[in-house]
Amino acid sequence: MCGIFGYVGEKKAVPIVIDGLKILEYRGYDSAGIAGVESGKTLFYKDIGKVDSLAKMIARKQLKINTAIAHTRWATHGGVDTKNAHPHFDMKQSVAIVHNGIIENHLKLKAHLERENIEFLSETDSEIIAQLIGHYYNGDLLKALLKSLLKLDGAFAIAGVHQNHPDQIFIAAKGSPLAIGIGDNEYFLSSDVNGFLKHTNKVIFLKDGEAGILHKEGFEIYDCKGKRAVKQIEQIKSNNYEISKLNFEHFTLKEIHDQPESISRLFVSRFEEEFGSVCLKDMGIDESELLETSRILILACGTSWHAGFIGSYLFESLSRTPTQVEISSEFRYKNPIVLKDTLVIAISQSGETADTIAAVHELKAKGAKVIAICNREESTLSRITDHTLLIKAGPEIGVCSTKAFTNQVVLLSLLALHLGRMHHQSKEEAVYFIREIKKLPQLVVEILKQSKHIETLAKKYNHFNNFFYLGRSYMYPASLEAALKLKEISYINAQAYPAGELKHGPIALIDKDCPTIALCSNQHTYTKLLSNLMEVKARNGPIIAFAPRNSAGIESIADDVFWLPEVCDEFASIPISVSLQLFAYYMAKFRGCDIDQPRNLAKSVTVE
Ligand code: M6R
C-alpha cells in the first residue's frame, strides 16, 4: 500500500509534495516522510502519524529544495515507528528512496549484502532497494537503478534521489501504479493521478518493468533491458466533484447522506418504462457480447465482494445467468478455468486493489473478456480491462465504503435487469422491477430522515463488544457488509451468518451479552428468519431488528425494531444497508473512534 509523491521543477518542492501526500493519505497513514538533496547531501524528515504531523515538523525548517520525494505509509514489514517510516537509505546515506509495494525476496538480498558488511537500519523490505542502488552506484545512477531492479522480486513503485544528482528523481514500477504528471519545466510523480491533477492533467503511466529519470528539463523512461521507451502522453479529464465534508462531522457521514444523489446519478436517462427496458448504451456495453453471455464470474475484495455477492443473487434471479462470485485473493491462486461465453466482472471502488488486479491479469492471460465496475476512470483496473462501467459515486474519502457499495449494487441490478430482458424477462415483469428500482433514492431519503432513531439505538447498544448479524437470501451478503462496517469503524467484533447456519455451531456464543442484528428485508424467507430469531431469543440474546413496515410478528420477538420502507426483495439490500451504515457510524462515534481513518486500514489496498 502506501502513497508516493515527488516533484522536480523550479518551485519550492515541500508544500507541493505535502499537498500531494495529503491526497494520497487514503493509501495509508501510519507515518510519513520526505527527502531531497541540499548542498550535496541527502536531507530527510519523517515522523509517525498522519501527514499533518510531518507538515508541522517541517514547517519550521524553511526548506528551499526544488526537488523532493515523499511517502505516506501503511505498515507491511516492520512496526509503526520512525526507523521504519520512509524514506530509506543506503548505508552512506547517499541515496534516499520511497517505495509502495512488497519486495518478496528482501531477506535473501539483505543476507547477501550483510555478508559484504552493509548495515541495515530498519525492519522494512523497502530498505533493500536503497542499499542495492548505493551498492551498485559508480557514477551512473540509471545503471545502478536498472541493475538493482533486476534483483527484486515482488511489486514496487519506487522514487528516489541521489546526493550526486541533486535535480533528478529516479523512478521505477512493477505491479504497483506510478503516474508522471507533465507540467511546464516541472514534473510530478504520484501513486495516483489525483495527487497532481490540480497542477497538470498531462500524464504518462509507467508500465510494468519500466524505470527512468525525471529532471526539470524532461524525462527519460527505459524498459527493463535499458532500451529507451516511447511514452504516450494522455490527457486526463478533470472531474467536477468537490471534495468537502460540507457541514458534516465526518466524510463517512457525508458520504452516507450522498446516497440519494449518487444513486440518482446512475438513473439519468436509464429507463424506457413503456418498453420495460433499461438502457445502458451510454456505458458503451457491447450488446452482442452480452447476448452470448451464459455464465458470469465476479471478482472483488471486501465491500466490493459483498456487492458482487448480492450481484450473484441478482443475476441468477433476474437474468437466470449462473454466477460465481470469488474473493480475488483466493481466486488468483486457483488456476482458474475460463469457459467460452463467460463474462468476467471485476469490481473495485478504487480500481487499485492489488489482488483484484492480479486476478484480472491471470484471467486475461487465459483469454477471458473482463469488464470492470469501478469508481475511478483513470485507475489501473480500468486500464487493464476490456471495458469499464463507472459507478459514478463521486470521490469516497472515508476509508469505510458506503456510497460506492450502494452504487455498485445498483449498477449490478441495472445490468441484471438489462440482461434479464435480453434473455427471457417479459415486459410486464421488467416494468415491475423498473418501478421498484426507481423508488430507491426516495427510500434512502426516508432512512436518512430517521437518523435520530438509529443514533438512539447505537446509544443503547454501543457498550456491547460482540454482535451477530443474521439474514437470509439477499440479506446474507447484506449482513456481511453491515458487520464489516461495524468492525471497521467501531472496532467491535461482529459476525455475519446466514440465519439458518446459526444452529450449526455459532449459536453456542449467544447469551445476554451478545446482541443479534436481524436483517428482515427478505420477504421470501421472512418466516424462516423469524424461527431463527426465536432460537436466539430462547437463549436470552438481545435482538435488534431492521425490518420492513409490513413485517408481521417481529415486534413481539425483537427488543428493538427499526422500521424500513418496503421494496421488492431484489433491491431491499439498499435501504437496509444505508440504515446499518448509520448504525455503525453512530456506534463508532459513541466509542470515540477515528471514523474517517480507522486504525490499521487504508482506503486502497495496493499490496497482496
Ligand atoms: O477499492 P476496492 O473496492 O477494490 O477495495 C476493496 C476493499 O479493500 C474495500 O471494499 C474495503 O473492504 C472497505 N474499506 C470496506 O469498507
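**Figure 1. Strand β10 sits between two antiparallel partners in this predicted model.** Strand β1 (residues 3–8) pairs with β10 in the antiparallel sense, and 4 bridges link the two. Look for Gly6, whose bridge partner in β10 is Leu189. Strand β9 (residues 179–182) also pairs with β10, again antiparallel and over 4 bridges. Here Leu189 turns up as the bridge partner of Ile180. β9 and β10 make a hairpin with 4 residues between them, and Asn185 in the turn has a positive phi of about 55°. As for the side chains, both faces of β10 (residues 187–190) are covered. Tyr187 and Leu189 are buried on one side, and Phe188 and Ser190 are buried on the other. In a regular strand, side chains alternate between the two faces of the sheet.

**Figure 2. An open sheet of 6 strands, with antiparallel pairing.** Reading across, the order is β5-β6-β7-β8-β12-β13. β5 (88–89) and β13 (218–222) are the edge strands; each has a single partner strand, so one side of each has no neighbour in the sheet. At the β5 end, 2 bridges pair β5 with strand β6 (residues 95–103) in the antiparallel sense. His88 is the residue to find there, standing opposite Ile97 in β6. Helix α5 (residues 141–151) lies across β7 (154–162), β8 (168–174), β12 (210–215) and β13. The helix runs at about 155° to β12.

**Figure 3. A parallel open sheet of 5 strands, with helices packed on it.** The strand order is β18-β17-β19-β20-β21. At the edges are β18 (323–327) and β21 (387–390), each pairing on one side only. On average, neighbouring strands of this sheet are turned by 20° against each other, direction ignored. Strand β19 (residues 342–348) and strand β20 (residues 370–374) run parallel and are joined by 5 bridges. One pair to pick out is Ser348 with its bridge partner in β20, Cys374. Helix α11 (residues 354–365) packs on the sheet and touches β17 (295–300), β19 and β20, its direction making about 145° with that of β17. α13 packs on the sheet too, touching β17, β19, β20 and β21, with its direction at about 165° to that of β19.

**Figure 4. A close-up of Val344, a residue of strand β19.** With 1% relative accessibility, under the 20% cut-off, Val344 counts as buried. What does Val344 touch, leaving aside residues up to four places away in sequence? The list is Leu297, Leu299, Leu363, Ala368, Lys369, Val370 and Ile371. Val325 is another landmark: 19 residues from Val344 in sequence, and 9.8 Å away in space, C-alpha to C-alpha.

**Figure 5. Helix α7 (residues 259–267) packs with helix α13 (residues 403–423).** The angle between them is about 30°, and their axes are 10 Å apart. That angle is under 35 degrees, so α7 and α13 count as roughly parallel. Their crossing is right-handed. From α7, the contact uses Gln259, Ser262, Ile263, Leu266 and Phe267; from α13 come Lys403, Thr406, Asn407, Val410, Leu411 and Leu414. Sorted by class, this contact of α7 with α13 has 6 nonpolar, 4 polar and 1 charged residues.

**Figure 6. α13 against helix α20 (residues 573–590).** The two axes come within 10 Å and cross at roughly 175°. This makes α13 roughly antiparallel to α20. On the α13 side you'll find Phe405, Thr406, Val409 and Val410, which meet Ser573, Ile574, Ser577, Val578 and Gln581 in α20. The contact of α13 with α20 divides into 5 nonpolar and 4 polar residues, with no charged ones.

**Figure 7. Helix α17 (residues 475–490) also packs with α20.** Here the angle is about 20°, with the axes 9 Å apart. α17 and α20 are therefore roughly parallel to each other. The crossing of α17 past α20 is right-handed. In α17, the residues to show are Met475, Ala478, Ala482, Lys485, Leu486, Ile489 and Ser490. They meet Ser573, Ile576, Ser577, Leu580, Gln581, Ala584, Tyr585, Met587 and Ala588 in α20. By class, the contact of α17 with α20 splits into 11 nonpolar, 4 polar and 1 charged residues.

Definitions and conventions. Residues are numbered from 1 along each chain as its sequence is written. This is a predicted model: local features need pLDDT of at least 70, side-chain atom pairs count only at pLDDT 80 or more; totals for chains, interfaces and linings use all residues. Side-chain values use heavy atoms; hydrogens and water are left out. Axes are lines fitted to C-alpha atoms, for helices over the stretch in contact, and angles run from 0 to 180 degrees between N-to-C directions. Angles under 35 degrees count as roughly parallel, over 145 as roughly antiparallel, 65 to 115 as roughly perpendicular and the rest as oblique. A crossing is left-handed if the near helix is turned anticlockwise from the far one by less than a right angle, and right-handed if clockwise. Contact means heavy atoms within 4.5 Å. Ala, Val, Leu, Ile, Met, Phe, Trp, Tyr, Cys and Pro count as nonpolar, Asp, Glu, Lys and Arg as charged, and the others, Gly among them, as polar. Buried means under 20% relative accessible area, exposed over 50%, partly exposed in between (1.4 Å probe, protein chains only). Two strands pair if DSSP finds at least two bridges between them.
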